[in-house]
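Biologist: I am new to this one and would like to know what stands behind the words people use for it. Could you take me through them?

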Amino acid sequence: MQSRGIFMKSIYETTGKGYKQQCDYLLLNLSVEDEKEYHIGVWGQRYRNHLKAHYKIIYYNYLTKGTSCEHLVKVDNRAENMLHQFVKLLAQKENITEKLKANGISSLFTYMSSMHCDKVN
């Protein structure tokens, strides 16, 4: 670009990318960055489905920014932490001790299911 005798660089050229010439054409030097692998657990997947169904604009904003996976991983981690804290508090409240756990997993499940049935009825 020339403007009043002064050579001005395009925004793309100022970032250092520049152009390459192929035959008679100048092509942009574009490169794709490697994407990180993310493991999105069950809570992140459920949250993604919830956003897709009920908050489409927010969902598509995350997609266009490229931050959807990072956000879903954060949501999944927070939900897992909350679940672990809840189970730990419930175990303390109901006096589930290591002794009960040592008796066998079946006795623990029997105790937990009876506790749940008592609260429902």
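Modeller: Gladly. Two strands count as paired if DSSP finds at least two bridges between them. Keep in mind that this is a predicted model.

Biologist: How do you know that strand 3 and strand 4 pair?

Modeller: Four bridges join strand 3 (residues 19-22) to strand 4 (residues 25-28), and the rule asks for at least two, so the strands pair. They run antiparallel, and Lys20 stands opposite Leu27 in strand 4.

Biologist: What makes up the hairpin of strand 3 and strand 4?

Modeller: The two strands have two residues between them. Cys23, in the turn, has a positive phi of about 55 degrees.

Biologist: On to the helices. Why is helix 2 called oblique to helix 3?

Modeller: The axes of helix 2 (residues 42-54) and helix 3 (residues 56-65) cross at roughly 120 degrees and come within 6 Å. Roughly perpendicular covers 65 to 115 degrees, and roughly antiparallel needs over 145. The crossing angle fits neither of these, so helix 2 is oblique to helix 3.

Biologist: Which residues meet where helix 2 and helix 3 touch?

Modeller: From helix 2 there are Arg48, Leu51, Lys52, Ala53 and His54, and they meet Lys56, Ile58, Tyr59 and Tyr62 of helix 3. By class, this contact has five nonpolar, three charged and one polar residue.

Biologist: Why is Tyr59 called buried?

Modeller: Its relative accessible area is 10%, and buried means under 20%, so Tyr59 is buried.

Biologist: What makes Tyr59 and Tyr60 an edge-to-face pair?

Modeller: Their ring centres are 5.2 Å apart, and the limit for a pair is within 6.5 Å. The planes stand at 70 degrees; over 60 counts as edge-to-face, so the name fits. By this rule the count comes to one aromatic pair.

Biologist: Helix 4 (residues 68-93) holds His71. How do you know whether His71 is buried or exposed?

Modeller: The relative accessible area of His71 is 17%. Buried means under 20%, so His71 is buried. Leaving aside neighbours within four places in sequence, His71 is in contact with Tyr47 and Tyr62.

Biologist: And Lys74, also in helix 4: why is Lys74 called exposed?

Modeller: Lys74 has a relative accessible area of 54%, and exposed means over 50%, so Lys74 is exposed.

Biologist: How far apart are Lys74 and Gly44 in sequence and in space?

Modeller: They are 30 residues apart in sequence and 8.0 Å apart in space, C-alpha to C-alpha.

Technical notes: Residues are numbered from 1 along each chain as its sequence is written. This is a predicted model: local features need pLDDT of at least 70, side-chain atom pairs count only at pLDDT 80 or more; totals for chains, interfaces and linings use all residues. Side-chain values use heavy atoms; hydrogens and water are left out. Axes are lines fitted to C-alpha atoms, for helices over the stretch in contact, and angles run from 0 to 180 degrees between N-to-C directions. Angles under 35 degrees count as roughly parallel, over 145 as roughly antiparallel, 65 to 115 as roughly perpendicular and the rest as oblique. Contact means heavy atoms within 4.5 Å. Ala, Val, Leu, Ile, Met, Phe, Trp, Tyr, Cys and Pro count as nonpolar, Asp, Glu, Lys and Arg as charged, and the others, Gly among them, as polar. Buried means under 20% relative accessible area, exposed over 50%, partly exposed in between (1.4 Å probe, protein chains only). Rings of Phe, Tyr and Trp (its six-membered ring) pair if their centres lie within 6.5 Å; planes under 30 degrees apart count as stacked, over 60 as edge-to-face and the rest as tilted.
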